[in-house]
Amino acid sequence: MSDPQPLKSTDIISSGVKPTGILHYGNYFGAIRQYIELQDAGEAFYFIVDYHALTMTPPPAELRANTFRIAVDFLALGLDPDKASLFVQSDVPEVTELAWIFSNCLAAGDLERGVSYKDAKQRGQTPNAGLLNYPILQAADILIYRGSVVPVGKDQSQNIEIATRIANRFNHRYSADEPYFVPPRGWILEDVAVVPGLDGQKMSKSYDNTIAIFEEPEVLRKKVMSIPTASTPLAEPMDPDNDHVFGLISLVGDDETVASIRESYLKGGFGFKRAKETLIELLEGYFGEARERRKELMANPEVVRDVMAAGAEKARARATETMRDVRELVGLDWRNA
Ligand code: TRP
């Protein structure tokens, strides 16, 4: 990971995950795997940001289903609710109150310069006020749990900067003697692992070149078999370093396996068909347990609901504490007049 400063024991990790789309290998190796590993590094709050999803006005049934499915996928992939709190953003409605308070700690111009908002406008859309205010809600997400470390992709740097600016402005205005919020720092995950997509470009939903983590076996097979490879004759050595199949193999194989496949490539007589078959086997092995767990969770939705309720309860307790302090600090406590 590319964080220059190691975590301190007092650091609180917080990050949001959008309930959109189907998770693919790029999401997993680029971010989710790191979220899950961080659960051993300190106290973590991970939330599925359904309020944020509303800026895209998804059909209600879709929002509901995606929120649930992301919860299932994270649990299946190894997020341990005893270590990290996993919950749905809207189960802690206090976050919207903090967002309102924070909206007065930021110049409107800072929002107009927001990348997503500006992009939408440049593309000729008429973005709603939710998209404009998105970074404020994100700052509230982070700071309501008094999060100080935020694992995110590089595309989120501007939002983290805004959260930092808000924390500083709040502290300066309301708690100058003893800064209440710790200005958060981003823990940028981008390029931890660049996962090649089916066409060799970076795997991304927008390139339509993804393989879902929980792809149906037949679809997985078809997709892997369609990865373009060099036209090296079967008997000749193949170049592992310029091959997307090998790129994927090195993500999921253990060192020994990867080394031996590399040798097979270099020796020749191996062929891309066998390489692809090996990749499929490795992928099935790598995500096999998660696939089983996922099936079980899908069959027992009440287990998922209970886990998420427990996560929300823990998060809400912390959020309530923050809001009690914040209300007092800003003067929303008229009874104390
Ligand atoms: N904006 C983030 C994304 O697009 C999602 C997000 C919402 C988030 N709230 C957050 C990330 C708080 C980190 C912290 O991926």
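Start at the ligand in this predicted model. Select the 13 residues around the ligand; Lys18, Tyr134, Gln138, Asp141 and Gln156 come nearest.

Now go through three side chains in turn.

- Tyrosine 134: an N or O atom of its side chain sits 2.8 Å from a nitrogen atom of the ligand.
- Glutamine 138: here too a side-chain N or O atom faces a ligand nitrogen, at 2.9 Å.
- Lysine 18: the ligand partner is an oxygen atom, 3.4 Å from an N or O atom of the side chain.

Next, switch on the surface. On its own the ligand has 360 Å² of accessible area, and the protein covers 91% of that.

Colour the shell by class. Six residues are nonpolar, five are polar and two are charged.

Then show the secondary structure. Which elements supply at least two shell residues each? Select strand E1 (12–17), helix H7 (129–144) and strand E4 (149–152). H7 gives the largest share, with four residues.

Leave the ligand and turn to the largest nonpolar core, a set of 60 residues. Pick out Tyr25, Phe29, Tyr46, Phe74, Leu77, Tyr265 and Leu279, the residues with the most contacts inside this core. Now select helix H1 (residues 25–38): eight core residues come from H1, the largest share.

Last stop: colour by domain. Where does this core lie with respect to domain 1 and domain 2? Domain 1 spans 12–194 + 300–336, and domain 2 spans 215–286. Both give residues to the core, so the core lies between them.

Key
Residues are numbered from 1 along each chain as its sequence is written. This is a predicted model: local features need pLDDT of at least 70, side-chain atom pairs count only at pLDDT 80 or more; totals for chains, interfaces and linings use all residues. Side-chain values use heavy atoms; hydrogens and water are left out. A residue is near a molecule or strand if one of its heavy atoms lies within 4 Å of it. A polar contact is a pair of N or O atoms within 3.5 Å; within protein, one must be able to donate a hydrogen and the other to accept it, and residues adjacent in sequence count only if both atoms are side-chain atoms. Accessible areas come from the Shrake-Rupley method with a 1.4 Å probe; for residues, only the protein chains shown count as cover. Ala, Val, Leu, Ile, Met, Phe, Trp, Tyr, Cys and Pro count as nonpolar, Asp, Glu, Lys and Arg as charged, and the others, Gly among them, as polar. A nonpolar core is a set of buried Ala, Val, Leu, Ile, Met, Phe, Trp, Tyr and Cys residues joined through side-chain atoms within 4.5 Å. Buried means under 20% relative accessible area, exposed over 50%, partly exposed in between (1.4 Å probe, protein chains only). Domain bounds come from an automatic or database domain assignment.
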